[in-house]
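Here are some notes to read alongside the model, written for someone meeting a structure of this kind for the first time. Please keep the display open and find each place as it is named.

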Amino acid sequence: MRVLAIESSCDETALAVISGSGNAWFLEKNAVFSQIAIHQKFGGIVPEVAARKHAETIIPLLTETLGENKLADIDYLAVTAGPGLITSLLLGVTAAKSLAYASQKPLLPVNHMEGHIYSNWLSNDELKNNDKNYFPSLALVVSGGHTELVLMKGHGDYQLLGTTLDDAVGEAFDKVAKILKLGYPGGPIVSKLALDGDENFYDLPRPMLNSGDYNFSFSGLKTAVLYTLEKEKNITQEAVKNMCASFQKVAVEILVKKTIKAACEYKVKSVLLAGGVAANQKLKTGLQSVCDKNNLPFFFPELKYTGDNAAMIAAAAYYKLQNHLEQTLVGKDIFNLGVKSNWQIFNK
Ligand code: KG4
Ligand code: ZN
């Protein structure tokens, strides 16, 4: 089986091909065009600019990735249908629909957050070859738009245990970077500066740490950063580093504590980390340490698969198709597929 996936939910235009059967599959092609450099000068993603860039990039990227023969050897097409920016999603979905209809191949819509979870299958052979041993698993899905604790009982079988009630943790990193005038995206910059800061310098609040449920709140933490700095007369480079370290310490502590509490309560057999914030070294070290203490296998994606990419969408599609979990769209039904900017796949 050979699956071509298209991802365009935010500011990355991406294509990937996975082929194989059963557990014996491999990533054949993987291309990502990142627009970050374009959006950096605006201090964040401008949806209209992102959509226009996707429109310019998607077909040349397809030709470059697949060659002239484009779709001849492809069995299925998959596309991210949500969640994400409507205008960005539309470009990928429209391209996938047109290609699927013209080539008479079945099309499968994939949820972006489910894709992030499957980035773990791209990076961990042990999980890929023996995943049955690791279910039920607890996934901490952390990105610019989401902070979710998801109980994954098997392929395609999810239960949402908790979510953020306001800002996502990646969004909090981005907003703290903005307050500190550090640029976009904030996560990589804040975590780099944190390396040289004193993480105990500022005592910041830990919203909902002991709320008794698995929900999160990061908006108050970000506001505490703002108010604390407003009290400082002169914000030195030293103060910026200390604030980055103090903020990161608290954000990570909240994520780690809630994750391990849920892992123990639901007696999972493994913990998975997924999403753009999975690039954060402090978060990975923190989760590794509590998982080790509890004899729990911990999996996380390689850096190249933490951000948005199509390989993870292809992997999610591959498992859905292998396990006959979802119906594909064929013929004229392909045109019924719309974008779902708030698509929730993990049900309570
Ligand atoms: O998954 P992703 O690429 O896009 C979304 O679907 O949102 O995640 C992007 C988010 C941004 O908020 C970015 O600041 C954050 O991931 N991020 C990080 C790090 N690298 C990226 N956050 C904390 N530490 C990092 N090293
Ligand atoms: Zn993402």
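Where does ligand 1 sit?

1. The model is a predicted one, and in it ligand 1 sits in the largest pocket. The elements that give two or more residues to the shell around the ligand are helix H4 (112-123), helix H6 (169-179) and helix H7 (186-194). Of these, H7 gives the most, with four residues.

2. The shell may also be looked at by domain, and here at least three residues are drawn from each of domain 1 (2-117 + 306-336) and domain 2 (134-301). When the residues of the shell are divided by kind, there are five nonpolar, 12 polar and two charged ones.

3. Which residues come nearest to ligand 1? Out of the 19 residues around the ligand, these are His116, Gly144, Asp174, Gly187 and Asn280, and they make a useful starting list when you turn to the display.

4. Three distances describe how oxygen atoms of the ligand are placed against polar atoms of the protein. In the side chain of aspartate 174, an N or O atom is 2.7 Å from an oxygen atom of ligand 1, while for the side chain of histidine 112 the corresponding distance is 3.4 Å. At glycine 187 the partner is a polar backbone atom, which is 3.0 Å from an oxygen atom of the ligand. Taken alone, ligand 1 exposes 550 Å², and the protein buries 85% of that.

5. Two peptide bonds deserve a careful look, and each of them leads into a proline. Glycine 82 and proline 83 are joined by a cis peptide bond with omega about -10°, and proline 83 has its place in the loop between strand E4 (76-82) and helix H3 (86-103). The bond from tyrosine 184 to proline 185 is also cis, with omega near -10°, and proline 185 lies in the loop between H6 and H7, two of the helices that were named above for the shell around ligand 1.

6. Finally, what is the sign of phi at asparagine 295, a residue other than glycine? The value is positive, near 55°, and asparagine 295 is found in the loop between helix H10 (281-293) and strand E10 (298-299).

Terms used. Residues numbered from 1 in each chain as written. Chains lettered and ligands numbered in written order. Predicted model: local features only at pLDDT ≥ 70, side-chain atom pairs only at ≥ 80, totals over all residues. Heavy atoms only, no water. Near = heavy atom within 4 Å. Polar contact = N/O pair within 3.5 Å; in protein donor to acceptor, adjacent residues only side chain to side chain. Areas by Shrake-Rupley, 256 points an atom, 1.4 Å probe, with all protein chains shown as cover. 1 Å grid on protein atoms, 1.4 Å probe; cavity = no way out; pocket = protein on both sides within 12 Å on 5 of 7 lines; lining within 4 Å. Sits in = over half its atoms within 2 Å of the grid points. Nonpolar A, V, L, I, M, F, W, Y, C, P; charged D, E, K, R; others polar. Domains from an automatic or database assignment.
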